[in-house]
Each structure stands twice: as C-alpha cells, then as structure tokens.
Amino acid sequence: MKVLLLKDAKEDDCGQDPYIRELALYGLEATLIPVLSFEFLSLPSFSEKLSHPECYGGLIFTSPRAVEAMELCLKKDNKTEVWEKSLKETWNAKSVYVVGNATASLVSKIGLDVEGENCGNAEKLAEYICSRIQMESITVYQTIPHPGIQVNLDSYYSKQGVPASITFFSPSGLTYSLKHIQELSGDSIDQIKFAAIGPTTAHALTAKGLPVSCTAESPTPQALAAGIRKALQPQGCC
C-alpha cells in the first residue's frame with residue numbers, strides 16, 4: 001500500500017530516512033516529497049546573542065533548521081574555536097531545550113546537553129519551559145514553498161496514482177501543497193487517509209475542512225508509522 005509523506009528526506013546513520021524504514025515494517029511503501037524550503041534570517045543578531053550566554057538562562061531550539069542557523073553563525077563569524085574553548089561549556093551550564101528527537105540529535109552533535117525532547121510537541125514543551133523561565137525569541141528562518149512541489153506531485157500521481165494516505169508535517173506545508181493535491185486527487189480525495197505529525201498540523205487540516213484520520217502520538221517515525229497503519233486498517237482510526 002502506497003503512502004505519501006510531505007517532507008524532505010533525512011538519512012540517519014543507516015543511510016535511510018527513518019520514516020521510510022518504519023513504514024516499510026508495516027508493509028507500507030512511502031514516498032517523500034519536500035514542500036518547504038527555508039531562508040535564514042537575523043543571523044548577525046543571533047550570532048551576537050550566542051556570544052553573550054551570561055545574558056540568558058538557556059537556549060530553546062524549535063526545529064532542526066534553528067540548529068542549522070546556529071551552525072551557520074559559528075562558521076560565518078569564525079566562532080568555532082571560541083565555541084569549543086569557552087562558549088559551549090558556558091551554554092551547557094544552562095538549560096537547553098528542544099522540540100522533538102530529531103532536533104535533540106542535532107543539538108547533541110554540537111556538544112550541548114538537551115532536555116524536553118520527550119514532551120511530545122511544542123505546546124507541551126512551552127508549558128514546561130514557561131513554568132521555569134522567561135523567554136526572548138528570535139526568528140532565524142522562514143518557510144517558503146519548495147520550488148518543485150507541483151512538478152513532484154504531478155510526477156508522483158502520474159506514476160503511483162492516488163495514495164492511500166498523505167501525511168502533513170506542518171501547517172505551512174499544508175498551505176503550500178493542498179491545492180495541488182486536491183486538483184490531482186479529484187473525486188478520489190475522499191478515499192485518502194490524512195495524517196498529521198502533531199496537534200498543530202491536525203488543527204490546520206481540520207480548519208481546511210479535511211478529516212484527520214491520524215495524529216501521531218509523538219513526532220517520531222515509530223509513532224507516525226503505527227498511527228498510519230491503524231488508520232488504514234478496515235474500520236480503524238487513531
């Protein structure tokens with residue numbers, strides 16, 4: 001059974017995207033199509049803040065892109081050496097929070113100890129953090145439509161047909177791809193089981209008038225695969 005995931009591929013240590021691998025364990029053939037691209041913003045300001053850990057009680061990384069923004073700051077401003085010598089240790093003495101295991105893994109690779117990755121979603125993490133510290137936010141990237149959305153979706157539908165399930169990974173990804181999916185699916189759209197990686201994306205689907213057959217219990221390949229499998233079973237839902 002074919003399922004479509006609207007995300008970019010991320011190979012793990014085994015050289016395969018973990019979502020493809022987990023879905024395959026349930027006999028589901030997954031295809032990944034990226035629907036988002038990213039532009040980095042405010043990097044000079046972010047770099048300056050990273051240089052002054054004494055002004056803050058900790059760090060919060062909301063996504064893998066936020067970690068990429070930090071790595072860019074360190075490389076562009078030649079701060080890699082000072083990071084290793086002093087900044088990393090100083091930030092590690094503070095709380096470093098992350099949303100999700102994928103972000104946690106990347107933050108760990110730059111030498112920081114993390115917490116909060118098991119909260120499950122951004123809302124629960126926010127509640128956890130706000131009960132402990134005050135926050136200052138900085139936007140370091142913005143999402144834009146992936147330039148290949150329409151071409152890639154056209155190619156998928158022409159070769160694979162209408163998928164049994166489509167998973168959305170963000171509200172913006174839904175916004176950028178829904179019109180194309182509706183046009184390509186036609187009357188068959190009622191047969192598709194729509195899945196969401198978390199509650200925020202599930203709410204966005206509902207707001208668009210789409211039935212949500214599955215919301216992953218946590219933003220992990222294992223939880224999503226189990227949820228889709230249940231949703232695709234006769235009379236099943238999650």
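**Rings and charges in a predicted model**

Lysine 7 sits over the face of phenylalanine 169, at 5.9 Å from the ring centre. Keep in mind that this is a predicted model, and that the contacts described here are computed from it.

Phenylalanine 169 has another partner besides that lysine. The structure holds 5 aromatic pairs. One of them brings together tyrosine 19 and phenylalanine 169, whose ring centres are 5.4 Å apart and whose planes meet at 90°, so the arrangement is edge-to-face, an angle over 60 degrees being enough for that label. This pair ties together distant parts of the chain, as its two members are 150 residues apart. Tyrosine 19 belongs to helix α1 (residues 18-24), while phenylalanine 169 falls in the loop between β7 (165-168) and α8 (171-185). And is tyrosine 19 buried or exposed? Tyrosine 19 counts as buried, because its relative accessibility is 10%, and the limit for that label is under 20%.

Next come the charged side chains. Side chains of opposite charge can pair when their charged atoms come close. In this model there are 6 salt bridges. One of them joins glutamate 29 to lysine 2, with 3.8 Å between the closest N and O atoms. Here, too, distant parts of the chain are linked: glutamate 29 is in strand β2 (residues 29-32) and lysine 2 is in strand β1 (residues 2-6), 27 residues apart. Glutamate 29 has a relative accessibility of 44%, so it counts as partly exposed. Lysine 2, at 31%, counts as partly exposed as well.

Another salt bridge is formed by the side chains of aspartate 8 and lysine 10, at 3.7 Å from N to O. Aspartate 8 has a relative accessible area of 30% and is therefore partly exposed. Lysine 10 is partly exposed too, with 37%.

Helix α4 (residues 80-92) offers a further example. Within it, lysine 88 and glutamate 84 are 4 residues apart, which means that about one helical turn separates them. Their side chains meet in a salt bridge, 2.9 Å from N to O. Glutamate 84 is partly exposed, its relative accessible area being 47%.

Finally, there is glutamate 217, found in the loop between β9 (212-215) and α10 (221-232). With 79% relative accessibility, glutamate 217 counts as exposed, because that label calls for over 50%. In sequence, glutamate 217 and asparagine 121 are 96 residues apart, yet in space their C-alpha atoms are 9.2 Å apart.

Note on methods
Residues are numbered from 1 along each chain as its sequence is written. This is a predicted model: local features need pLDDT of at least 70, side-chain atom pairs count only at pLDDT 80 or more; totals for chains, interfaces and linings use all residues. Side-chain values use heavy atoms; hydrogens and water are left out. Rings of Phe, Tyr and Trp (its six-membered ring) pair if their centres lie within 6.5 Å; planes under 30 degrees apart count as stacked, over 60 as edge-to-face and the rest as tilted. Buried means under 20% relative accessible area, exposed over 50%, partly exposed in between (1.4 Å probe, protein chains only). A charge sits over a ring if NZ of Lys or CZ of Arg is within 6 Å of the ring centre and within 35 degrees of the ring normal. A salt bridge is a side-chain nitrogen of Lys or Arg within 4 Å of a carboxyl oxygen of Asp or Glu.
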